[in-house]
Amino acid sequence: MKLTEQIRGLTRGEFILWLCSAVGVAASFLLSGGGDIYTLIASLIGVTALIYVAKGYALGQLLTIIFAVFYGIISFFFRYYGEMITYLCMTAPIAAASMIAWIKNPYKDTNEVKVSRLKRSQICFVAVGAAVATAAFYFILSALGNAILLFSTISVTTSFIAATLTLFRSPYYAIGYAANDIVLIVLWSLATMESISYLPMVVCFVLFFVNDMYGFYNWRRMQKRQAVS
């Protein structure tokens, strides 16, 4: 993984998207009164991770691991135990596995990952795994007294699907994360009603949704380009 090349690998449009995302996060932090510094740090790391994941760079997965740790801490303090367990015990480990898989599967002699088409066995794994994770986490989170159980359970489902598709190097990982973003916008909007300090998390996931949509567009473009070259 040529780290320096990956850091400098953004196009002008991608840099503008990242800059707008970072400014949006910072502005929401200031509007919320600048209360929780961890939400600001997590949000900035998150939007940075997504732009590099959208590029197909393994650096994005490294940043995803760091984001998962910060996000897990924030979720713990608000009793979103599903989010905490999901990101620390599922998202972070799968991101680590994805980083290794992406490094081992570059597109030719570039920093870009080789996009893969889903196999039937992989689709079955995602479907069965998501069903098992959903059922298991519903009862676990219910026992823990998780705040807003339904949305937290749905978040587990969408997170599992998205993270697994990322591991399989499928463009549809972005659709999974976009669905997860919508769920998390609802979750953190409810949290913000109790404390304005969580506003950056709402803005964070709105910006995540925008970045994930770009990720799907760019990965589809990468897939077509790689198929003909």
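**Reading features in a structure**

Student: In which helix is the place of Asp181?

Tutor: Asp181 sits in helix α8. Keep in mind that the model is predicted.

Student: Is Asp181 buried or exposed?

Tutor: The cut-off to remember is that under 20% relative accessible area counts as buried and over 50% as exposed. Asp181 has a relative accessible area of 1%, so Asp181 is buried.

Student: Which residues is Asp181 in contact with, leaving aside its neighbours within four places in sequence?

Tutor: With those neighbours set aside, the contacts of Asp181 are Phe205, Phe208, Phe209 and Asp212. Distance along the chain and distance in space are separate readings. Asp181 and Val210 are 29 residues apart along the chain, and their C-alpha atoms are separated by 9.5 Å.

Student: How far apart in space are Ile148 and Gln122, C-alpha to C-alpha?

Tutor: They are 31 Å apart, with their positions 26 residues apart in sequence. Ile148 belongs to the loop between α6 and α7. Its relative accessible area is 29%, so Ile148 is partly exposed. Beyond its neighbours within four places in sequence, Ile148 is in contact with Tyr80, Leu187 and Leu190.

Student: Let us take another residue in a helix. What is Ser98 in contact with, its neighbours within four places in sequence left aside?

Tutor: Ser98 is in contact with Gln61, Ala163, Thr166 and Leu167, those neighbours not counted. Ser98 itself is in helix α5. Because its relative accessible area is 1%, Ser98 is buried.

Student: How do I read a phi angle?

Tutor: Look at the sign, because most residues other than glycine have a negative phi. Lys108 is not a glycine, yet it has a positive phi of about 50 degrees. Arg169, another residue other than glycine, has a positive phi near 60 degrees.

Student: Where do Lys108 and Arg169 lie?

Tutor: Lys108 is in the loop between α5 (81-104) and α6 (120-144). Arg169 is in the loop between α7 (149-167) and α8 (173-194).

Student: Are these two buried or exposed?

Tutor: Lys108 has a relative accessible area of 56%, so Lys108 is exposed. Arg169 is at 15% relative accessibility and therefore counts as buried.

Student: How many salt bridges does a search of the whole structure find?

Tutor: The search finds 2 salt bridges. In one of them the side chains of Glu14 and Lys55 meet, at 3.2 Å from N to O. Glu14 is in helix α2 (residues 12-31) and Lys55 in helix α3, so the pair ties together parts that are 41 residues apart in sequence. Glu14 is buried because its relative accessible area is 2%, and Lys55 is buried because its relative accessible area is 12%.

Student: Which residue forms a salt bridge with Glu112?

Tutor: Arg225 does, and the closest N and O atoms of that pair are 3.0 Å apart. Glu112 lies in the loop between α5 and α6 and Arg225 in helix α9, so this salt bridge ties together parts that are 113 residues apart in sequence. Glu112 is at 12% relative accessibility, so Glu112 counts as buried. Arg225 is at 38%, so Arg225 counts as partly exposed.

Student: Which residues form a nonpolar patch on the surface?

Tutor: The patch is formed by Val69, Ile73, Phe76, Phe77 and Leu88, with about 460 Å² of accessible area together. Helix α4 (residues 58-77) gives the largest share of the patch, 4 residues. Phe76 lies in helix α4. At 41% relative accessibility, Phe76 counts as partly exposed.

Student: How does one look for empty space inside?

Tutor: Rolling a probe the size of a water molecule over the atoms shows where empty space is left. A search of the whole structure finds 1 cavity of 30 Å³ or more. The largest cavity holds about 200 Å³ of space.

Student: How many residues line the largest cavity?

Tutor: It is lined by 20 residues, and Leu50, Thr64, Phe67, Thr91 and Tyr177 lie nearest its centre. The elements that give two or more residues to the lining are α3 (37-55), α4, α5, α7, α8 and α9 (199-228). The largest share of the lining, 5 residues, comes from α5.

How values were computed: Residues are numbered from 1 along each chain as its sequence is written. This is a predicted model: local features need pLDDT of at least 70, side-chain atom pairs count only at pLDDT 80 or more; totals for chains, interfaces and linings use all residues. Side-chain values use heavy atoms; hydrogens and water are left out. Buried means under 20% relative accessible area, exposed over 50%, partly exposed in between (1.4 Å probe, protein chains only). Contact means heavy atoms within 4.5 Å. Patches are made of residues with over 30% relative accessible area and no salt bridge: like charges are joined within 9 Å, nonpolar side chains (Val, Leu, Ile, Met, Phe, Trp, Tyr) within 5 Å. Accessible areas come from the Shrake-Rupley method with a 1.4 Å probe; for residues, only the protein chains shown count as cover. A salt bridge is a side-chain nitrogen of Lys or Arg within 4 Å of a carboxyl oxygen of Asp or Glu. On a 1 Å grid over the protein atoms alone, a cavity is a set of points where a 1.4 Å probe fits but cannot get out, and a pocket is an open set with protein on both sides within 12 Å along at least five of seven lines; lining residues have an atom within 4 Å of a point. Grid points are joined across faces, edges and corners, and a volume is the space filled by probe spheres set on the points.
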